[in-house]
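Hi everyone, thanks for coming. I'd like to take a few minutes to walk you through one structure, so please have a look at it with me.

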Amino acid sequence: MENKFFEDIRSDFPILNERVYNKPLVYFDNGATTQKPRCVVEKIDYAYYHLNANIHRGVHFLSQQATLAHEDARKSVAEFLGSNKSEEIIFTRGTTEAINLVATSFGEAFCKSGDEIVVSVMEHHSNIVPWQMLCERKGMKLRVIPMTEAGDLDMDVYKSLLNERTRIVSVMHVSNVLGTINDVAEIIRIAHEKDIPVLIDGAQAVPHIPVAVVKLDADFYVFSGHKIYGPTGIGALYGKEKWLNAMPPYQGGGEMIASVSFEKTTYNELPFKFEAGTPDYIGSTALAEALRYVSEIGLDKIAKYEHDLTTYATERLNEIDGLKLFGTSSDKSAVISFLVGKIHPYDIGMLLDKLGIAVRTGHHCAQPLIDSLGIPGTVRASFSFYNTKAEIDVFVEALKRVVMMLS
Ligand code: PMP
């Protein structure tokens, strides 16, 4: 029943019918970006054909319609994240820009020499480098939460890292390499006991599990539209009003001001203070459509189906001699990272590609994590609800062939 529902859903994604090297495409690179349902692509067309005019302050009809669509999209994002204050949603280019915004503006307002930032060993580069840059600018220190063999964060060490110098904790909700679903509610609760705010990188969480930022009590929560079936170039930052109001603007320009003179400029209110320049109102409109699409299916249903797929894939992969999985947490999302014997991950990825199977190989923008594991990288298969057990069978049989060729 469930399987039939998700098999039928494939027809919403025309790209899944593509052939590569004359083989049916098996797309297992959803952690990098997801494919787009027809309704999202059509929404982009529709917005350009019927709603295109620069937004905010336009007196004419089209501008008002485009403004309405953009601001409705902001409400959709707020609602999707379980917040009822759309002014707490800032549109950004994606997760990376959202973290850079917080690292820069929060850093400017609240950080000084000698302070510390806590991140984890499994972070994506986009949740490491902006903080490192802040540390360099201000003379601060980055402290790192280690993990266990299974790929769970070591909560005892985490607690011991927090002190009166800690200005912010910034960790990922779901690991893009290990699939671990971190206990972010507990991470936030522990930090809040010491009045330390927490940023959660939700890039790999929101497409796969239900998220409610207000319930989590996250201070900042960020994600990218393209990983949740929306367009590239748009994402969002949720931030508690009390922080956003106290932070200076990230970029200067049009839209983010209340008034400008050469003597003094005053800034606009939230959320516009953080959205300098013409925003991607076509992208936001299409992102709202993607969120509507995903919500209509239901994230509980998606999480359950993808969990079954991941369990099935794990069982089947374990048939392969010498295969080692990285990330065996009991609470895992739809990501499987592995190596086989001493075979280089790149060689496996190259040969799988020739068989029509798209996986990702390498450090997955998490070099410190890969280094800590003492490996050159992994092969990563990451699933979506449009993937099937039949595709996993094709993948496992192909992998067996590839391993035979390379051993
Ligand atoms: N964080 C995580 C956990 C990710 O997986 C990614 C993308 N791979 C990013 C951040 C960066 O996202 P983007 O490139 O869309 O800004």
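I'll go through some helices first and then some single residues. One thing to keep in mind is that this is a predicted model.

Let's begin with helix packing. Two packed helices are described by the angle between their axes and the distance between the axes. Please find helix α14, residues 389–406, and helix α12, residues 345–354. Their axes come within 10 Å and cross at roughly 125°. The cut-offs for a roughly perpendicular pair are 65 to 115 degrees, and a roughly antiparallel pair needs over 145, so α12 and α14 count as oblique to each other. Their crossing is right-handed. Which residues make the contact? On the α12 side they are Asp347, Ile348, Leu351 and Leu352. From α14 come Phe395, Ala398, Leu399, Val402, Met405 and Leu406. Sorted by class, that contact has nine nonpolar residues, one charged and no polar ones.

Now stay on α14 and look for helix α11, residues 299–317. Here the axes are 10 Å apart, and the angle is about 25°. An angle under 35 degrees counts as roughly parallel, so that is the description for α11 and α14. This crossing is right-handed. The α11 residues in the contact are Asp308, Leu309, Tyr312, Ala313, Arg316 and Leu317. They meet Lys389, Ile392, Asp393, Phe395, Val396, Glu397, Leu399 and Lys400 of α14. How many charged residues does this contact of α11 with α14 have? There are six, along with eight nonpolar and no polar residues. If you want two residues to click on, try Phe395 and Leu399: they are part of the contact with α12, and they are also listed for the contact with α11.

Next, please move to helix α5, residues 129–138. Its buried residues are Pro130, Trp131, Leu134 and Cys135. Why do they line one face of the helix? Looking down the axis of α5, you would see these buried residues fall within an arc of 145°, and so they line one face. And what do the buried residues of α5 pack against? Their partners are helix α4 (95–110) and the strands β5 (116–120), β6 (141–145), β7 (166–172) and β8 (198–201). Right after α5 comes Gly139, which has a positive phi, near 75°.

While we are in this area, have a look at Asp115, in the loop between α4 and β5. Is Asp115 buried or exposed? Its relative accessible area is 3%, and buried means under 20%, so Asp115 counts as buried. Leaving aside residues up to four places away in sequence, Asp115 touches Phe110, Met140, Lys141, Arg165 and Arg167.

Asn176 is another loop residue, sitting between β7 and α7 (184–193). With 5% relative accessibility, Asn176 is buried as well. With the same sequence neighbours left out, its contacts are His124, Gln204, Val335, His364 and Arg380. For a sense of scale, Asn176 and Ala103 are 73 residues apart in sequence, and their C-alpha atoms are 21 Å apart in space.

Let's turn to the backbone. Most residues other than glycine have a negative phi, and most peptide bonds are trans. So where do we find something else? One place is the peptide bond from Leu270 to Pro271, which is cis, with omega near 0°. Pro271 lies in the loop between β12 (265–267) and α10 (281–297). Then there is Tyr21, with a positive phi near 50°. You'll find Tyr21 in the loop between β1 (19–20) and β2 (23–24), and at 47% relative accessible area Tyr21 is partly exposed. Glu255 has a positive phi too, near 75°. Glu255 is in the loop between α9 (241–246) and β11 (257–260), and with 10% relative accessibility Glu255 is buried.

My last stop is Thr328, in the loop between β13 (323–326) and β14 (335–340). Thr328 has 46% relative accessibility and therefore counts as partly exposed. Its C-alpha atom is separated by 30 Å from that of Leu237, which is 91 residues away along the chain.

That's my tour, and I'm happy to go back to any of these spots with you.

Definitions and conventions: Residues are numbered from 1 along each chain as its sequence is written. This is a predicted model: local features need pLDDT of at least 70, side-chain atom pairs count only at pLDDT 80 or more; totals for chains, interfaces and linings use all residues. Side-chain values use heavy atoms; hydrogens and water are left out. Helices (H or I, at least four residues) and strands (E, at least two) are DSSP runs, numbered from the N terminus. Buried means under 20% relative accessible area, exposed over 50%, partly exposed in between (1.4 Å probe, protein chains only). Axes are lines fitted to C-alpha atoms, for helices over the stretch in contact, and angles run from 0 to 180 degrees between N-to-C directions. A crossing is left-handed if the near helix is turned anticlockwise from the far one by less than a right angle, and right-handed if clockwise. Contact means heavy atoms within 4.5 Å. Ala, Val, Leu, Ile, Met, Phe, Trp, Tyr, Cys and Pro count as nonpolar, Asp, Glu, Lys and Arg as charged, and the others, Gly among them, as polar. The arc is that of the directions from the helix axis to the C-beta atoms.
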